[in-house]
Amino acid sequence: MRSRFQSLFIAIAVLILFGGLFLFAKTVGASPHPDLNLLGTPAADRPGPVPTVYPPSQADNGGQVYWGMCQDCHGNKGQGLDAEWRSTFAPESQDCWRSGCHGEDALDNSFILPEAGAPALAGPGALPQFSTAFELGTYIHESMPFSPIGSLSEDQAWELTAHILTLNDKGVPELILSGTNSAAVLVHQEIKLPGTELPGILILSLFLIIAAVYISQLSKQGAAETRRGNFYHHLHPATIPKAQSKFSFTLGAGGLSIFFSLVLLITGALEMYYYLPTPDGAAESIQVLTGLIPYGNLIRNLHYWSAQLLVITMMVHLARVILTGAYAPPRRFNFLLGLILLILILLLDFTGYVLRWDEGIRWALVVGTNLLKTIPGVGEGLYYFVIGGAEPGAPTLIRFYAWHIFGLTLAVAGITAWHIFKVRRDGGISAPPPQRGKKTERVPRAELVNKEVIAMIIAGVVLLLLSVFIPAPIDQPLVENGALVGDSQAPWFFLWIQETLQYGDPFLLGVALPLVAVILLGLLPYILPNAKKEELGRWFPSGNRLGQIIGLTIIAIIFLLTLLGGLR
Amino acid sequence: MTEEITFPRRAFLRLSTKISLGLAGILGIGGLVRYFSHTPAGNSPSSYDLGPAADFPASGELIRLDIPAIIYKTKDGYLAYSLVCTHLGCTVKKDGENYSCPCHGSQFDHNGSVLKGPATKRLPTLKVALTDEGKLILETGGMVK
């Protein structure tokens, strides 16, 4: 058994290595983050008022606008209204605050210039209040020129933004700045080149794989049984029946779910140090996390991918429990706890998805919350409870944030602990009963721990590779009235509900049907015949055939609907 | 001869504990429900300024995504439809003459009637009023986005 497991492991490790190389080969050159691959050679010379090359770039056009509307106050090089720049004016205009058009005896079309003058737009310390080009462009559009305010078109505002970035040697000629991409362009910092962290991550993966091989070799030595266990060993029973430790029986799905939950907890805690749960700040803080913070992209992707993989391992775990009849008494109640955990994790996935607060989540939020309204009687109240108002807004975001990082997480932590405790209390996971006159073969916890650690390392490496090569989705910040830009596809774990919704009444198909499916699953151990004791510990016992068929049908329907929705 | 009713002290204490804890729990849950049931007033305006009638687009059609609504100029006056899908609230898109919803595929014809489900209700018509100063005002009639 041990050797079979090992050959399986080595095969997987080799597969991952080669798969990683293949992925790497495929994505070299193509940046995983097209929007963020912005580092180019900044233009050496500041473009003059008239573009010298055709076609003019966005920054060149901005230079023209600048020359026409901004230069007088902000200087020809963006130096601001300093003495040197004023000295180029006609003598009677050099004292901008008192004489000529800005004094108290101002002309009709003139205005009073603030005492502070016009700030520098380029050079050290310039533009202190802006961190992204999105903020800068929005400010220019809304508050500039000083008089008359707001006389710039949106295009001109972005052209000026491009020009000012170029003045600061932060220009990104590869990109036409717009409301969509500008939040990823940073005014002060160099944009981190995606992939600079790649070698480190690949080397880390390699070390992990080597460690896994050593651990599996250690397992072979067999001497570990006599070693005094460490803290992690002590979380396990001293020995467990060998049948319970087989990967071919457990698929490792329950253990991996716990592993992914822990990764989520750690990466989520790290994200909290940068995430801003406000409608204006949320999407941008994620862009900054992704584009600027060292390893921020990796941490966000790890969080995202653990969440996706967790849904999958939980579904696999559920299928395993049903198809081995493991939910038979005394494990009925623990089966319910597991189902509750699955629902809570789906809610955590959904709240986490909404926390992006970018255009990608607009319709999922609208549809998801409007579905609540369709529930007879309590719908309206439930809607207000979730949204925190008559329509999505700041209270919605803070509620989703509170649920995501506190309410739901606390519930999941508590119920997970209960779930694991019940596994121990119920005598471990289901296994064949001891046979008379035959000694049950047992494995020491050291071996169990080794298996767990190896599974965690493999999962960790898969997670790292996924996180490096497939970035978590990101979109432009949610804009007011941007009703036609959002992604109309539900998040993948709710695609099946989106599919059913097309066929009729939203309450019946979107709320009642999933609820019935969950209740049906929960009732399996209570209303249908269970697997017999002597059948436990193996796949497809005859005792709960009907339960297997119903459970498998529900899971298969969800899977097919998800596939159908994904292909649309 | 009456049978002696046995209700030992211990059982009485147990029962009393359960009843008081149960009542306390119900009260607590009631408080929690009230805590969360506060419903602030909606902040969607009930009317929107569409600007001077003279500035109405020559194409005879104006889409305002902030409402969201589409306004037509006809020979009899102005006609407006809400663009909120009556199914689950996504904003419908103009699709040729018709309107289609990107979320679940509902379709409405140019009059706002349902062509294809899952939506069952038509796109609501909205009132457009012309003020004395020649301004167009769209009234949503308390329609919630």
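What share of the contacts in chain A with a separation of 6 or more comes from residues 24 or more positions apart? Here are some friendly notes on that and a few other points; please keep in mind that this is a predicted model.

1. To take the opening question directly, residues 24 or more positions apart supply 76% of those contacts in chain A. The chain itself has 20 helices and two strands, and 38% of its 568 residues count as buried.

2. Helix α13 of chain A is a good place to start looking. It covers residues 332-354, 23 residues in total, and spans 34 Å from its first C-alpha to its last, close to the 33 Å expected at 1.5 Å a residue.

3. Buried positions in α13(A) include F335(A), L341(A), I345(A) and L348(A). At the end of the helix, D349(A), F350(A), T351(A), G352(A), Y353(A) and V354(A) are buried as well. The cover over the buried residues of α13(A) includes α12 (296-323), α14 (362-373), α16 (394-425) and α19 (506-527) of chain A.

4. The pairing of α13(A) with α19(A) deserves its own look. Their axes come within 9 Å and cross at roughly 165°. An angle over 145 degrees counts as roughly antiparallel, and the two helices are therefore roughly antiparallel to each other. The crossing is right-handed. On the α13(A) side the contact is made by R332(A), F335(A), L336(A), L339(A) and I343(A), and on the α19(A) side by V518(A), L521(A), G522(A), P525(A) and Y526(A).

5. Now to the nonpolar cores. The largest has 104 residues, and those with the most contacts inside it are V367(A) together with A69(B), I71(B), A80(B), C85(B), C90(B) and L138(B). The element that gives the most to this core is α12(A), with 12 residues. Another core, of 25 residues, lies apart from it, and among its members are C70(A), A118(A), A157(A) and W158(A).

6. For a closer view of chain B, try A80(B). Setting aside neighbours within four places in sequence, A80(B) is in contact with A69(B), I70(B), I71(B), T125(B), L126(B), V128(B) and L138(B).

7. Is F231(A) buried or exposed? This residue sits in helix α8 (residues 231-234) of chain A. It counts as exposed because it has 6 C-beta neighbours inside 10 Å, and the cut-off for exposed is 12 or fewer. F231(A) and G75(A) are 156 residues apart along the chain, and their C-alpha atoms are separated by 67 Å.

Key: Residues are numbered from 1 along each chain as its sequence is written. Chains are lettered from A and ligands numbered from 1 in the order in which they are written. This is a predicted model: local features need pLDDT of at least 70, side-chain atom pairs count only at pLDDT 80 or more; totals for chains, interfaces and linings use all residues. Helices (H or I, at least four residues) and strands (E, at least two) are DSSP runs, numbered from the N terminus. The expected span of a helix is 1.5 Å times one less than its number of residues. A residue is buried if 20 or more other C-beta atoms lie within 10 Å of its own, exposed if 12 or fewer, and partly exposed in between; C-beta atoms are placed from the backbone. Two residues are in contact if their C-beta atoms, placed from the backbone, lie within 7 Å. A nonpolar core is a set of buried Ala, Val, Leu, Ile, Met, Phe, Trp, Tyr and Cys residues joined through C-beta atoms within 7 Å. Axes are lines fitted to C-alpha atoms, for helices over the stretch in contact, and angles run from 0 to 180 degrees between N-to-C directions. Angles under 35 degrees count as roughly parallel, over 145 as roughly antiparallel, 65 to 115 as roughly perpendicular and the rest as oblique. A crossing is left-handed if the near helix is turned anticlockwise from the far one by less than a right angle, and right-handed if clockwise.
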